[in-house]
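Student: I have a chain to look over and would like to go through it by question and answer. Where should we begin?

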Amino acid sequence: MRRHDRETSYEEAVTILRGCPFATVAFHGGKYPYAVPMHFGVAEENGALVLYFHGAKEGKKLGLLAENSRVAFSAVRFCENVPPKNGIACTATARFESVFGEGELSPVSGEDAERGLRVLLAQNGMEGEIPPAALAKTCVLRLSVSSLTGKRHE
């Protein structure tokens with residue numbers, strides 16, 4: 001990171017991540033990366049940070065995932081533009097909190113999938129029954145985070 005004065009601690013980065021409404025996951029794919037915004041939930045399991053995502057059981061991201069499970073992700077909690085001072089464009093800036101990281105993404109099933117959906121629902125302020133039929137047609141993905149960096153500009 002070029003601006004170390006804006007880097008957060010690991011703990012602050014996790015706090016920012018817990019407050020984000022979605023994360024964009026970048027998959028390796030063909031000529032260009034394939035980036036997809038997805039709802040997610042944050043959990044700590046056995047001292048390690050994991051993210052859970054959900055989606056359809058078929059599609060481009062799963063095809064790419066089958067070829068390479070290494071992904072990158074980013075999330076932004078808020079961003080507010082700050083207008084230029086005295087009409088000088090290069091003085092404009094933004095206030096923000098963001099995180100970015102990398103890890104290994106893999107599908108999970110059974111109890112792991114249900115736990116992942118509960119984590120995702122809780123992060124988004126929801127809870128309730130997960131019918132077996134709904135769980136059966138939902139792909140739950142678990143991201144084992146290997147690196148996480150937070151950045152804040154106030």
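Tutor: With a definition: two residues are in contact when heavy atoms of theirs lie within 4.5 Å. Keep in mind that this is a predicted model.

Student: What is the order of helices and strands in the protein chain, from the N terminus on?
Tutor: The chain holds 4 helices and 7 strands. Of its 154 residues, 38% count as buried. From the N terminus on, the order is α-β-β-β-β-α-β-β-α-α-β.

Student: Which residues does F53 touch, leaving out those up to four places away in sequence?
Tutor: F53 is one of the residues with the most contacts inside the largest nonpolar core, together with L17, L51 and L148. Leaving out residues up to four places away in sequence, F53 touches A23, V25, M38, H39, F40, L105, L120, C139, V140, L141 and L143.

Student: Which strand gives the most residues to the largest nonpolar core?
Tutor: That core has 28 residues. Five is the number to look for, since a contribution of 5 residues is the top one, and it comes from strand β7 (residues 139-153).

Student: Which residues are among those of the other core?
Tutor: This second core lies apart from the largest one and has 10 residues. Among them are V50, I130, L135 and V140.

Student: How many disulfides does the structure hold?
Tutor: A disulfide is a covalent bond between the sulfur atoms of two cysteines. C20 is buried, at 3% relative accessibility, and C139 is buried as well, at 8%. For a disulfide, two cysteine sulfur atoms would have to lie within 2.5 Å. The number of disulfides in the structure is 0.

Student: Is E97 buried or exposed, and which side chain does its own side chain meet in a polar contact?
Tutor: E97 sits in strand β6 (residues 93-108). Its relative accessibility is 8%, and the cut-off for buried is under 20%, so E97 is buried. Outside its sequence neighbours within four places, E97 is in contact with I16, A75, V76, R77, F78, K151 and R152. The polar contact, at 2.7 Å, is with the side chain of R77.

Student: What is the relative accessible area of S98?
Tutor: S98 also lies in strand β6. Not counting residues up to four places away in sequence, S98 touches I16, A75, V76, T149, G150 and K151. S98 is buried, and its relative accessible area is 13%.

Student: How far apart are the end C-alpha atoms of helix α3?
Tutor: Helix α3 covers residues 110-123, which is 14 residues. At 1.5 Å a residue the expected span is 20 Å, and the model agrees with this: the end C-alpha atoms are 20 Å apart.

Student: Within what arc do the buried residues of α3 fall?
Tutor: The buried residues of α3 are A113, G116, L117, V119, L120 and Q123. Seen down the helix axis, these residues line one face, because they fall within an arc of 160°.

Student: Which exposed residues does the face of α3 turned away from the buried side carry?
Tutor: The helix is followed by G125, which has a positive phi near 75°. On the face turned away from the buried side, the exposed residues are E111 and A122.

Student: What is the phi of N46?
Tutor: Most residues other than glycine have a negative phi. N46 lies in the loop between β3 (40-45) and β4 (48-55), and is exposed, with a relative accessible area of 85%. N46 is not a glycine, yet its phi is positive, about 55°.

Definitions and conventions. Residues are numbered from 1 along each chain as its sequence is written. This is a predicted model: local features need pLDDT of at least 70, side-chain atom pairs count only at pLDDT 80 or more; totals for chains, interfaces and linings use all residues. Side-chain values use heavy atoms; hydrogens and water are left out. A nonpolar core is a set of buried Ala, Val, Leu, Ile, Met, Phe, Trp, Tyr and Cys residues joined through side-chain atoms within 4.5 Å. Buried means under 20% relative accessible area, exposed over 50%, partly exposed in between (1.4 Å probe, protein chains only). Helices (H or I, at least four residues) and strands (E, at least two) are DSSP runs, numbered from the N terminus. A polar contact is a pair of N or O atoms within 3.5 Å; within protein, one must be able to donate a hydrogen and the other to accept it, and residues adjacent in sequence count only if both atoms are side-chain atoms. The expected span of a helix is 1.5 Å times one less than its number of residues. The arc is that of the directions from the helix axis to the C-beta atoms.
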